[in-house]
Amino acid sequence: MIDYEADTPVYEQIAVVLRGRIEAGEWAPRQRLPSVTHLEQEFGVARQTIMQALGMLRDRGVVYTVKNRGSFVKLGADFVTVITAEPGMRIVVRRPSDSERRELDLADEGDVVVVERPGGPVEVLPADKVEIRGPRS
């Protein structure tokens, strides 16, 4: 589950767990996720850590948040990951390795997007499910 000693920040690990549950169908489109308080207790972390995890999912287009109501699963079965290019970030589109093709369940002609963040984890995502945006201003 969550490795509090890992190099990957805890909020990123929580975001991965929550996204996995969404993709597995635990929460349907438009369904509200558990409250921040519930998630704090479940993962044994501070409120800010949960807020960062939800922010990461929001930035990637997986959930949306309604003030004073909570976070909800976005409509649609195919999620698009939104990546905002930032200084020091490297984004590459390439052919996947055989193991990446199996792991991501890609068609033979599918490419992957590799995202490298300074000091962060490397992400490999299906290219047809990624939207790359310019830096925020």
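**Ser71 and its neighbours**

I started with what Ser71 touches in this predicted model. Leaving out residues up to four places away in sequence, I get Gln31, Arg32, Leu33, Leu54, Arg58, Tyr64 and Thr65. Ser71 itself sits in strand β2, which runs over residues 70-73.

Buried or exposed? Ser71 is buried: its relative accessible area is 8%, and the cut-off for buried is under 20%.

I then checked Thr65 from that contact list, since I wanted to know about side chains. The side chains of Ser71 and Thr65 are joined by a polar contact of 2.9 Å.

**The second largest pocket**

Next I looked up the pockets and noted a volume of about 230 Å³ for the second largest. It has 15 lining residues, and Ser71 turns up again: with Val36, Met51, Thr65 and Gly70, Ser71 belongs to the residues closest to the pocket centre.

Which elements give two or more residues to this lining? I find α3 (47-59), β1 (63-66) and β2. Helix α3 gives the most, with four residues.

I also sorted the lining by residue class, and wrote down six nonpolar, five polar and four charged.

**Two residues with positive phi**

I went through the backbone angles and stopped at Arg30. Its phi is positive, about 75°, and Arg30 is not a glycine. I placed Arg30 in the loop between α1 (10-23) and α2. With a relative accessible area of 55%, Arg30 is exposed, because the cut-off for that is over 50%.

Asn68 got a note as well: phi is positive here too, about 65°, and again the residue is not a glycine. Asn68 is in the loop between β1 and β2. Its relative accessible area is 79%, so I put Asn68 down as exposed.

**Pro87**

Where is Pro87? I found it in the loop between β3 and β4 (90-94). Pro87 is exposed, at 76% relative accessibility.

I also looked at Pro87 against Arg117, which is 30 residues away along the chain. Their C-alpha atoms are 9.0 Å apart.

**Confidence**

Last, I pulled up the pLDDT values. The mean for the protein is 87, and 95% of its residues reach 70 or more. By element, helix α2 (residues 36-43) has the highest mean, 96, and strand β3 (residues 81-84) the lowest, 77. For my Pro87 entry I keep in mind that its loop follows on from β3, lying between β3 and β4.

Notes:
Residues numbered from 1 in each chain as written. Predicted model: local features only at pLDDT ≥ 70, side-chain atom pairs only at ≥ 80, totals over all residues. Heavy atoms only, no water. Buried < 20%, exposed > 50% of the residue type's maximum accessible area, 1.4 Å probe, protein only. Polar contact = N/O pair within 3.5 Å; in protein donor to acceptor, adjacent residues only side chain to side chain. Contact = heavy atoms within 4.5 Å. 1 Å grid on protein atoms, 1.4 Å probe; cavity = no way out; pocket = protein on both sides within 12 Å on 5 of 7 lines; lining within 4 Å. Points joined across faces, edges and corners; volume = space filled by probe spheres on them. Nonpolar A, V, L, I, M, F, W, Y, C, P; charged D, E, K, R; others polar. pLDDT = per-residue confidence, 0-100.
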